[in-house]
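I opened my notebook to keep track of what I looked up in this structure. Here is the model first, then my entries.

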Amino acid sequence: MTTETRRPAQRKLTRKGQETRRRIVAAAATLMYERGVTEATLEDVRAAAGVSGSQIYHYFADKQELLLAVIEFQTEAVLDMQKPLFAGLDTMNGLRQWRDALVEYQLRLQCRGGCPIGSLGSEIAETNPEARLAAASGFLRWESAISEGLQKMHDRGELDTDPDDLALALLTALQGGLLLTQLQRQVRPLEVALDAMLDHVEACRKRA
């Protein structure tokens, strides 16, 4: 299953240009995360990034193109944070370490903000089809990273269920847990959701 989205055309940039573009995207990502896509204006982004209006339009044709870049930026940030843990998702110990890291991260954030991809996705899902597809693509990448570890367990004959379905269920539980954790300002919903899914994974393992 794949999700196609239009990617903004990437101009050849100098190192300084790349740094400026990244600063604009990072500023926009923070503002859209904190205020929402609609409330974060290009003028707000310009001020936060410390650039001129002409610089923003040099790198982005319009706010839509900047939004797509922000979704990509947030997707990379979410996946990069978990990348060291993804390699261990082919064992129960590795899965539980991943669970603990996600819970600990929410504790450090004081349960604020929710999922960067999910927050953007829920805001634009019904009004911006292109951005919705971009957010969906980010979730597919996340799901695939989880599925790779479960697939290794399956290939070793240790898992008696479809790894893709299990990965989707894990990601769905994670997203629901993050939303309730954000609303309730406590990590228990995330802990309960992930623990229930990991108990299910354990139950699906073949016994020697």
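**Notebook: a patch, some helices, a few odd spots**

I started on the surface, where Leu179, Leu180 and Leu183 make a nonpolar patch of about 300 Å². For a patch, residues need over 30% relative accessible area and no salt bridge; like charges are joined within 9 Å, nonpolar side chains (Val, Leu, Ile, Met, Phe, Trp, Tyr) within 5 Å. A salt bridge here is a side-chain nitrogen of Lys or Arg within 4 Å of a carboxyl oxygen of Asp or Glu. Areas come from the Shrake-Rupley method with a 1.4 Å probe, and for residues only the protein chains shown count as cover.

I noted that this is a predicted model: local features need pLDDT of at least 70, side-chain atom pairs count only at pLDDT 80 or more, and totals for chains, interfaces and linings use all residues. Residues are numbered from 1 along each chain as its sequence is written, and side-chain values use heavy atoms, with hydrogens and water left out.

Leucine 179 sits in helix α8, residues 163-184 (helices are DSSP runs of H or I, at least four residues; strands are runs of E, at least two; both are numbered from the N terminus). Leucine 179 is partly exposed, at 47% relative accessible area (buried is under 20%, exposed over 50%, partly exposed in between, with a 1.4 Å probe and protein chains only).

In the loop between α8 and α9 (188-204) I found arginine 185. Arginine 185 has a positive phi of about 55° although it is not a glycine, and it is partly exposed at 40%.

Next I looked for aromatic pairs (ring centres of Phe, Tyr and Trp, its six-membered ring, within 6.5 Å; planes under 30 degrees apart are stacked, over 60 edge-to-face, the rest tilted). The count came to one. The pair is phenylalanine 139 with tryptophan 142, stacked at 6.1 Å centre to centre with 10° between the planes. Both are in helix α7 (residues 129-155), three residues apart, so about one helical turn separates them. Tryptophan 142 is buried, at 3%.

Which cysteines did I check for a disulfide? I looked at cysteine 111 and cysteine 115, and neither is in one; their sulfurs are 14 Å apart. A disulfide needs two cysteine sulfur atoms within 2.5 Å, and the whole structure has zero. Cysteine 111 is buried at 4%, and cysteine 115 is buried at 7%.
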